[in-house]
Amino acid sequence: MGSDALDRTFAALADPTRRAILARLAQGEATVTELAAPFAISQPAISKHLKVLERAGLVVRGRDAQRRPSRLDVAPIRLAVDWLEEFRSASEERFQRLDAVLADLRAERDGKSDDH
């Protein structure tokens, strides 16, 4: 995933309304009217959020007669998770090394306290 695409994904996910829209779309496709229902904001505001999500590749809008349902595309989320996983793995390795050092220090300390 390119840096620009990753930036757009994280920027889109930074807003709680957009995250709520994605959570709703995870249950199935929905129209702007359906997406706007639980929010105290206008349909045009929801449409603006959808455009941000579309630019990030997180939402795909279709056409079904008069309806324009939106659906979730999880590919950018998977790529962002993979990117984050690299940091989680590196952190986990560092913690494992730290645990080993601490275990060695404890063993040294316990060995010295047995001698006294």
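A residue counts as buried under 20% relative accessible area and as exposed over 50%. The exercises below use a predicted model.

**Exercise 1.** Determine which residues of α4 are buried and which are exposed on the other side, and how the buried ones are arranged.

*Solution.*
1. The buried residues of α4 are Ile 46, His 49, Leu 50 and Leu 53.
2. Viewed along the axis of α4, these buried residues fall within an arc of 105°, so they line one face of the helix.
3. Pro 44, Lys 48 and Arg 55 are exposed on the other side of α4.
4. The cover over the buried residues of α4 includes α1, α2, α3, β1 and β2.

**Exercise 2.** Place Ile 46 in the structure and state whether Ile 46 is buried or exposed.

*Solution.*
1. Ile 46 belongs to helix α4, residues 43–55.
2. Its relative accessible area is 0%; because this is under the 20% cut-off, Ile 46 is buried.
3. Leaving aside residues up to four places away in sequence, Ile 46 touches several residues, including Thr 17, Ile 21, Val 32 and Phe 39.
4. Arg 18 is 28 residues away along the chain, with 8.6 Å between its C-alpha atom and that of Ile 46.

**Exercise 3.** Describe the buried face of α2 and the contact at the start of this helix.

*Solution.*
1. In α2, residues 16–25, the buried residues are Thr 17, Arg 18, Ile 21, Leu 22 and Leu 25.
2. Seen down the axis of α2, they fall within an arc of 140° and therefore line one face of the helix.
3. At the start of α2, a side-chain oxygen of Asp 15 comes to within 2.8 Å of the backbone nitrogen of Thr 17.

Note on methods. Residues are numbered from 1 along each chain as its sequence is written. This is a predicted model: local features need pLDDT of at least 70, side-chain atom pairs count only at pLDDT 80 or more; totals for chains, interfaces and linings use all residues. Side-chain values use heavy atoms; hydrogens and water are left out. Helices (H or I, at least four residues) and strands (E, at least two) are DSSP runs, numbered from the N terminus. Buried means under 20% relative accessible area, exposed over 50%, partly exposed in between (1.4 Å probe, protein chains only). Contact means heavy atoms within 4.5 Å. The arc is that of the directions from the helix axis to the C-beta atoms. A polar contact is a pair of N or O atoms within 3.5 Å; within protein, one must be able to donate a hydrogen and the other to accept it, and residues adjacent in sequence count only if both atoms are side-chain atoms.
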